[in-house]
Amino acid sequence: MSNRRKFLKNTAIVGAGITVLPNIASGFYSKSYDEKLNVGLIGVGLRGTNHLSNLLMRSDVMVTAICDIDAERIGIAKKMIDESGNKAPKVFGSNEYDYRNLLELKEVDAVIIATPWLWHTRMTVDAMKAGKYAGVEVSAANTMEECWDLVNTHEETGTHMMILENVNYRRDILAVLNMVKQDVFGELVHFRCGYQHDLREVKFNNGKQPYGGGVEFGEKATSEAKWRTEHSVKRNADVYPTHGLGPIAVMADINRGNRFVSMTSAATKGIGLHNHIVKHGGEDHPNARVKFKQGDVITTTISTAKEETIIITHDCNLPRPYSLGFRVQGANGLWEVDGKRIYIEGKSEPHRWDEADAWLQKYDHPLWKKYGEYAEGAGHGGMDFFVINSFVESAKANIAPPMDAYDAAAWSAITPLSEISIQNNGEPQDFPDFTRGLWIKRAPYNWMKDTY
């Protein structure tokens, strides 16, 4: 952490044409190097203050405004800013739409949105309309209309937005992406991914602590259980697809030479959340009478224009260890995250797995090889350092980010499409082309550079 703090604070020009990350030049910046990017935060809950912590370590960023309707969270954020030695920010949060007043500030260039899901699209759209470079937490949209809102607003305003999918920067993911780019697996055929994470103590708490300790949700709960659990009550859908799908979409060049064509989804019965309430709150607890609509395991299969298949699994309501369930499979071999194993024909012993570590070290991504030690303590194993760095550098240059409005729409569309498919007994759903045909000629983003 101390290395990282020194590193992030040392971003001034140290010589003609020489910089230290995160100000490494790779284009024409809209701001000169002696200027700071003025950032506003909309939502300073647990996720928002994680972003705040990383921003405060940068010498090229000034947090000029914060917004949250929870006064306690505002107090925590103000204290963090004060202790960092930065100037006190302007504060908003008198009502749910006070964020629009933040967006009117001239001293805000870019915003990071880390609020409950139902606010993501409307806040991102308002930010783009206000000319603010927007970074939004996952997922970016809940409905098909919202997916199109993101794309249409970006195209109408020319303002950029970035979906802040941190798993795209996970060390093993970027190493496997390096292998894909170097054709180690050969022509790609099949992928698996998902969000397999026991969230029962995220979806329920005692109203005093963010995780567990009780079986309350909604108004009697705090933190994510206050709003997230309601999606499991009212929606039978994969409501959180991007942690798995984002990395796979990049490997498959989705929206950049390839696209999702169709998908189908199926859901099991939903018993996990009810069982958790009964076990920890008793059969007489009021929440034991709640009927949860969401199936415990939701499986989605996508077909792509290049005739690949992608299986996405959402599994959050039953007891299980964490895994995003990645598999990347091509004509020459495959990688599976569960079991940490790789098989490459002609390199591995026939019909026997290799341990993945040696392969992942060999193909370690340039970003991690160069800056991995500075990412320590950034959150989520260092991924949060890289995703925020990419956002800041893209916003400073006012250029399209690695994960743009088209990606945000395509990845988030899994939620409404899975809901419709499940409602109709797994009926296939045609996937909208959010690029309006431009996927055919859009060049892939250069994920292999060592800057951001």
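In this predicted model, the buried residues of helix H5 are His-120, Thr-121, Met-123, Thr-124, Val-125, Asp-126, Ala-127 and Met-128. The helix spans residues 120-129, and with eight of its 10 residues buried it is mostly covered. An α-helix has 3.6 residues a turn, so residues three or four places apart point the same way. The surroundings of H5 include both strands and helices, for its buried residues pack against strands S1, S4 and S5, against strand S6 (161-163), and against helices H4 (99-103) and H6 (144-157).

The place of H5 in the chain can be followed from strand S4, since the path leads from S4 through H5 to S5 and forms a β-α-β crossover that is right-handed. Just after the helix, on the way out of H5, Gly-131 takes a positive phi of about 80°.

Strand S4 itself, residues 110-113, is covered on both faces, with Ala-110 and Ile-112 buried on one side and Val-111 and Ile-113 buried on the other. This arrangement can be read against a general pattern: in a regular strand the side chains alternate between the two faces of the sheet.

S4 also has strand partners, one of them being S1 (residues 37-42), with which S4 pairs in the parallel sense over four bridges; within this pairing, Gly-40 has Val-111 of S4 as its bridge partner. Strand S5 (residues 133-136) likewise runs parallel to S4 and is joined to S4 by four bridges, and here Ile-112 stands opposite Gly-135 of S5. The two strands linked through H5 by the right-handed crossover, S4 and S5, are thus also paired with each other.

Conventions. Residues are numbered from 1 along each chain as its sequence is written. This is a predicted model: local features need pLDDT of at least 70, side-chain atom pairs count only at pLDDT 80 or more; totals for chains, interfaces and linings use all residues. Side-chain values use heavy atoms; hydrogens and water are left out. Buried means under 20% relative accessible area, exposed over 50%, partly exposed in between (1.4 Å probe, protein chains only). Two strands pair if DSSP finds at least two bridges between them. A crossover is right-handed if, with the strands pointing away from the viewer, the path from the first strand over the helix to the second runs clockwise. Contact means heavy atoms within 4.5 Å.
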